[in-house]
Amino acid sequence: MNPARRTTQAATTALVLATAGALLSTAAPAASAATTCTSPVYKRQFFANTTFSGTPKKTDCDTAIAENWGARAPATGLPKDNFGVRWTVTRDFGSGGPFALSVAAQDGIRVYVDGAVKVNVWKNVTTTQKETVNLTVPKGKHTLRVDYAAWTGNANVNFAYTPRTSATVDKVRPLAPTGADINFLVQTADAVGIVSWAPNKELDLAGYRVYRRIAGSSNWTRAGTTTGLRFTTNQPSTGDDYYYEVRAYDKAGNESAGSTDQGPVPTDDRTPPTRPVLTAEGVEAANNLSWAASKGVKTYRVFRQADNENSFTKLTETTSTSYSDTSARYGDPYDYEVVAVDAAGNSAASNVVSSTRSIAPPSNIAVTTPSWGVVFTWTDPLGSKTADYSVYRSRTSPVVSDNNTRIDCTKSADGTDASGNTIHRCTDYDARRGVTYHYVMDRVNTAGRYSGDSSEITVTRPGDESPPPPVTGLTAEPLEYGVRLNWDASTATDLDRYWVYAGDPDGDHCGSNHNCEYIATVNADTTTYTDGPLPANGETKTYYVIAVDIYGNSLTYEDEDRAAWDSSVSQVTYTELDLTPTVVHEDTAEWYLSASANATTGSGVLSWSCVAYSTVTCDTSGFNVYRWDGSTGTYVRLTEVPLAATTKRYTDLTAPTGTTNHYVVSVVAADGTEAFTNVDYTVTLPSEA
C-alpha cells in the first residue's frame, strides 16, 4: 500500500481481504514517471475531477483499496472535493468461481470486471454506503477497475474481492497443476521420490494432493497432502512400477483433475510373503508341525528353541508344509517357528507355538449328571496303563489346565472292561446346579510320562435355571452429581445380588442388541444405588436393575443360559438436572482448557495450553479463571488479578462439592481485553459420601 496516504485500521482490514487466497502477496513499488505495477497490486490514478477526464494528477501503485481521507485532499495538488481515483489490476483467477465484491464508500463507487459494471453505487451521500455483489468469475485472466468519486464532505472508500468458499456455493474445481516432475534420491534402502509442480492461480486454493498408481492399474492411491510446491515420499517396496500425479484442491473441498502422469518409476521388491500360521501336536514319538502354504514362497525354514536356550536353532529347510521333530526330548517343552522365504529373499516368520512329546490323554470319556454331582468314566488307552490323572474345570472355554482350575474329583474304585482294560471313575461334587462348565483331563502312565489335555467336555448340572422376577418400584432421583436409584426388595428366595445397567432411552429394549453399559453390582440386602460422579447436563438416561440368584440366573444375557434380555426387565427413564451455563462465551482464544476434580479434596484442578500453530498467537499478558454461578446466572472470577503469563495451572480450593462446576479461562491481552477458552467441568460427590 502506498505510504504517501494515511492508513487506517479499516484500510488494514481491507488489505487482508483483498489479498486473501493469494499464494504470495506483493509489496507496492514506488511510483515512477511510467508507473508499472505488478499484479495483484493495483495501479492507482488521481484526477482533479469526478469524470476521470484529462491527465491524472498522480499515478502510483496500491496493494489494497482502503482509504479514509476525511475532509482532506487525497494528495498534493488535488482538491479536497470533486476529485476522482481509479484503481485497475489484471490478474489470473485460475479456474475462477464464485466471488463476493464488497464496497463501502462516501461518495460514489463503481466496480468493473472486464469493462462491465458489476457494482454501481454512484451518488453524493453524507454517510458511508455499503454493498456486496456475488458473482461468478470465469477462469483465466480478468481486469478489475474501481472508480471512486468524492464530491463534497468527507471521503472514504473500501473495496475487496474475495472467493466464496462454502461447499454449498463453490462447485468449481481448481485447474489441474502443471509442470509436474519427479526426481529420486537413494536414502538407505528406500528410493525417495520428490514430486514438484508449478503453483496454481486460484485465490481459494487450499493445497495439493499427490497420488500414485501401479502401472497398468487405474486405481489411484493418495500418497500425501501439502500446501507447498513439492512433496517427498518413500517409494513402496512391492517390485511394481508406479505413476504419480498431482491434484489441487480448494477451501470448499473441490479437487482438480490430475496433472500429467509422471513415471513409470520402478521399485525394489522388499515385501515379505504371507506369514505362515503354524500349529503343533505333541505325540509320544514326535512333535508334529503343520502350516498353510504362503503365496510366492520358495522355501520354509523350521526353527526350534528349548526352555533352557536363548535363541532358535534351525532344524531343516523344506518346500513341504509339515515337519515331524523326532529329535525333541520326551516331556520337554519346545517353541517352534517357521520362516517363509520368497525368491527375492524376503521372509516372514510364523507365530511361535509350543509343543511337548507326550502320551495319549484320556479319551472316550463318558459323563453322567446324577443329583449328587458330575460323574466321569473313561478307559485306559490300549497298551498304556494309567498311574494317576487330574481333572480341570472352568466356566469359560478353552480350559487352562493349571492349579487354579484343577479340582478335587473324588475317585471311585477302578474296575475293568471285557478286554481287561482299567476303567477310571471320579465325581465332581462341587459343580453348581444349572451352571455350564467345561472340563479337560490329563494322565500320567506307569513309566512316569505325562499326557497333554483331553478333548474339552461341556457339562451342565441339573438345577435351578429360573431367574428371579423383575424388580419392582424402581425410581430415579436426579442429583447435581449423578442419580440415586431406589427399588423394592426382590421376592426371590435364592437372591444373590442386583446388577445395575444404563442404556439408550431412544433405542429398542436394552437387551435387543446388547448395547447396555454395566454400571455396578449391588448386594442382595441393599435396594439403593447412587451412580456418580456424573455431570448434571440435562441429558435423558435409562437405568435397569436386574435381580440375580445364587446360580447366576437373571433376566439378562449376562446369565450364561440366556441369549438376550427378558422384555420384563425393570427400567426407569429420567432427565438429569441441567447445570449447564446459560451464558456461553465464544471460545476465540487459541487455548484449550482441561478440568478435573481432586479425588480427595474435591478441588477443581484446571490446566490449559496453547493449541495455535503460531507462537505469536500464544502471546498473552496473563489469565483469569471463572466459575459459573447458577444462582446468579453469571461467571464469577476466581482470580483477583490475572495470573502470570507463564502460569498454566490453577486449583480452585473453594469449589463446592456434591455438584457440577463449570469453568472457563480468559486469555488477557496487553490492552486488557479478554478472549475465552472452551468451557470444561468437574463433578464431585458430597463431602460426606
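Mentor: Let's start with a definition: rings of Phe, Tyr and Trp (its six-membered ring) pair if their centres lie within 6.5 Å. Planes under 30 degrees apart count as stacked, those over 60 as edge-to-face, and the rest as tilted. Keep in mind that this is a predicted model.

Trainee: Thanks! How many aromatic pairs does a search of the whole structure find?

Mentor: The search covers the whole structure. The number of aromatic pairs it finds is 23.

Trainee: Phe-93 and Tyr-161 form one of these pairs; what is the geometry called?

Mentor: Their ring centres are 6.0 Å apart, and the planes make an angle of 50 degrees. That angle is neither under 30 nor over 60 degrees, so the class is the remaining one. The pair formed by Phe-93 and Tyr-161 is therefore tilted.

Trainee: How many residues apart are Phe-93 and Tyr-161 in the chain?

Mentor: Phe-93 is in the loop between strand 4 (83-92) and strand 5 (97-106), while Tyr-161 is in strand 10 (residues 155-163). The pair links distant parts of the chain, and the separation is 68 residues.

Trainee: Are Phe-93 and Tyr-161 buried or exposed?

Mentor: The two residues share one description here. Both Phe-93 and Tyr-161 are buried.

Trainee: Which residues do ring pairs link into a cluster?

Mentor: Two members of this cluster, Trp-69 and Tyr-148, are also among the residues with the most contacts inside the largest nonpolar core. With the other two included, the cluster consists of Phe-46, Phe-83, Trp-69 and Tyr-148.

Trainee: How many residues does the largest nonpolar core have?

Mentor: The residues with the most contacts inside this core include Trp-87, Leu-101, Val-157 and Phe-159. The largest nonpolar core has 32 residues. A second core, separate from it, includes Val-471, Leu-485, Ala-502 and Tyr-529 and has 19 residues. For the largest core, then, the number is 32.

Trainee: Let's turn to the pockets. Which strand gives the most to the lining of the second largest pocket?

Mentor: This pocket has a volume of about 260 Å³. The elements that give two or more residues to its lining are strand 43 (622-629) and strand 46 (660-668). The one that gives the most, with 3 residues, is strand 43.

Trainee: How many residues in the lining of the second largest pocket are charged?

Mentor: The lining has 15 residues, and those nearest the pocket's centre are Trp-628, Asp-629, Gly-630, Ser-631 and Thr-660. By type, 4 lining residues are nonpolar and 7 are polar. The number of charged residues is 4.

Trainee: Now some backbone details. Which residue does a cis peptide bond join to Ser-39?

Mentor: The omega of this bond is about 15 degrees. The partner of Ser-39 is found in the loop between helix 1 (9-19) and strand 1 (42-47). That partner is Pro-40.

Trainee: What is omega for the cis peptide bond that joins Gly-263 and Pro-264?

Mentor: Pro-264 is found in strand 17 (residues 262-265). For the cis bond between Gly-263 and Pro-264, omega is about 0 degrees.

Trainee: Phe-52 has a positive phi although it is not a glycine. Is Phe-52 buried or exposed?

Mentor: Phe-52 has a phi of about 55 degrees and is found in the loop between strand 1 and strand 2 (58-62). Its relative accessible area is 11%. Because that value is under the 20% limit, Phe-52 counts as buried.

Trainee: And is Asn-364 buried or exposed?

Mentor: Asn-364 also has a positive phi of about 55 degrees although it is not a glycine, and its place is in the loop between strand 25 (353-356) and strand 26 (366-368). Its relative accessible area is 74%. Because that value is over 50%, Asn-364 counts as exposed.

Trainee: Why does Pro-469 count as partly exposed?

Mentor: Pro-469 is found in the loop between strand 33 (457-460) and strand 34 (475-479). Beyond four places in sequence, Pro-469 touches Thr-491, Ala-492, Ala-547 and Leu-555. Pro-469 counts as partly exposed because its relative accessibility falls between 20% and 50%, at 37%.

Trainee: Last one: how far apart in space are Gly-179 and Ser-259, C-alpha to C-alpha?

Mentor: Gly-179 is in the loop between strand 10 and strand 11 (181-187). Outside its neighbours within four places, Gly-179 is in contact with Ser-196, Trp-197 and Ala-198. Gly-179 and Ser-259 are 80 residues apart in sequence, and their C-alpha distance is 8.1 Å.

Notes. Residues are numbered from 1 along each chain as its sequence is written. This is a predicted model: local features need pLDDT of at least 70, side-chain atom pairs count only at pLDDT 80 or more; totals for chains, interfaces and linings use all residues. Side-chain values use heavy atoms; hydrogens and water are left out. A nonpolar core is a set of buried Ala, Val, Leu, Ile, Met, Phe, Trp, Tyr and Cys residues joined through side-chain atoms within 4.5 Å. Buried means under 20% relative accessible area, exposed over 50%, partly exposed in between (1.4 Å probe, protein chains only). Helices (H or I, at least four residues) and strands (E, at least two) are DSSP runs, numbered from the N terminus. Contact means heavy atoms within 4.5 Å. On a 1 Å grid over the protein atoms alone, a cavity is a set of points where a 1.4 Å probe fits but cannot get out, and a pocket is an open set with protein on both sides within 12 Å along at least five of seven lines; lining residues have an atom within 4 Å of a point. Grid points are joined across faces, edges and corners, and a volume is the space filled by probe spheres set on the points. Ala, Val, Leu, Ile, Met, Phe, Trp, Tyr, Cys and Pro count as nonpolar, Asp, Glu, Lys and Arg as charged, and the others, Gly among them, as polar.
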